[in-house]
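Let's take a friendly walk through the inside of a protein model. Have the sequence and the 3D view ready as you read.

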Amino acid sequence: MKLVLLVTSHESMAGEKYPFELTFSFRPLPMQQFSFLQDKETLALLMKWSMLGRISAQAFSFDQSFYPYNSDQFALSFFRDPDVVTSMMEVGVRGPFDKPLVSVSVKIIPCTKVSMDLFDPIYSCGILMPSGHVVKCLHDVHPDYDELRQMLQEEDSQHYDVIGKEEREEFIFLLFKHICLGGELCQYEDVIDPYISTTKKVYKDLISVQKDPETKKISVVSTVLKVCVYDESGRCFPGMPEEEQTFAYLIVNPFKRHVTLLYHLYGVGRLTL
């Protein structure tokens, strides 16, 4: 179930905090690296898709217990934390730094998948040729269009329902969609494999899992939050104007008390590695 929360600062006119307000503190974890931002083959693909230099992932630790019901205050504390702000600026993230933050909207994103099985229907419905090549199609607006992007973006696509409504809300599907659509000068793939392999790599980098010692079943322990931040002038992060490919997610591991900020600003990516 999708949950959308809008929270404003729990502060009085005098600046006093209500007793029930929980404030988190954060510390950067610079030693935690993400393979999709280190692997040369993946970086070459991100450059091709116009996302290089515009997508980033940063890890932080935090000091209080996290539960989904306090995700609003968690996110507000995160973007107000001076160490977070400094770390974001150091890697070139264009964030909410100029004015006091007044609110944050948080959407809890379902994240339950531990395999790539969700994408199996794409291979047998007409979106792809048997070779894995993406089928081209005509479009009124886009001269170079294909059935994959049409399925991802247009509800009246004949293949839209190949992936069910609940599966479309899963974090792994949203990652796949972000990767397929790319940045402003994206050079789209003729075959699906690079999209699938990159989605798998990014997802594995970001999500934490655990195995039940009795059943041996693997399950996701991360909570994924899609976030937007507002100051007195309106939305200030992850960027304006609003664009589907400008996004920010907080991926929380409540057991390790680690959180990763995944961020992408739509535009023209770096043209060299």
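A cavity, on a 1 Å grid over the protein atoms alone, is a set of points where a 1.4 Å probe fits but cannot get out, and its lining residues have an atom within 4 Å of a point. This is a predicted model, where local features need pLDDT of at least 70 and side-chain atom pairs count only at pLDDT 80 or more, while totals for chains, interfaces and linings use all residues. Residues are numbered from 1 along each chain as its sequence is written, and side-chain values use heavy atoms, leaving out hydrogens and water.

How many cavities of 30 Å³ or more does a search of the whole structure find? The search finds one. Its volume, the space filled by probe spheres set on the grid points, is about 70 Å³. Among the residues lining this cavity are F36, M51, H178, T198 and F247. The lining has nine nonpolar, two polar and no charged residues. Helix α6 gives the most, with three residues.

Two helices each supply at least two lining residues:

| Helix | Residues |
|---|---|
| α6 | 171-181 |
| α7 | 193-206 |

Now look at R168, in helix α5. R168 is buried (under 20% relative accessible area, 1.4 Å probe, protein chains only), yet R168 has no salt bridge, meaning a side-chain nitrogen of Lys or Arg within 4 Å of a carboxyl oxygen of Asp or Glu. The nearest side chain of opposite charge, D161, is 6.0 Å away. The side chain of R168 does reach the backbone oxygen of M151, at 2.6 Å.

Finally, nine of the 10 residues in helix α2 are buried, including D72 and F74.

How values were computed
On a 1 Å grid over the protein atoms alone, a cavity is a set of points where a 1.4 Å probe fits but cannot get out, and a pocket is an open set with protein on both sides within 12 Å along at least five of seven lines; lining residues have an atom within 4 Å of a point. Helices (H or I, at least four residues) and strands (E, at least two) are DSSP runs, numbered from the N terminus. Ala, Val, Leu, Ile, Met, Phe, Trp, Tyr, Cys and Pro count as nonpolar, Asp, Glu, Lys and Arg as charged, and the others, Gly among them, as polar. Buried means under 20% relative accessible area, exposed over 50%, partly exposed in between (1.4 Å probe, protein chains only). Lys and Arg count as positive and Asp and Glu as negative; His and the chain ends are not counted. A polar contact is a pair of N or O atoms within 3.5 Å; within protein, one must be able to donate a hydrogen and the other to accept it, and residues adjacent in sequence count only if both atoms are side-chain atoms.
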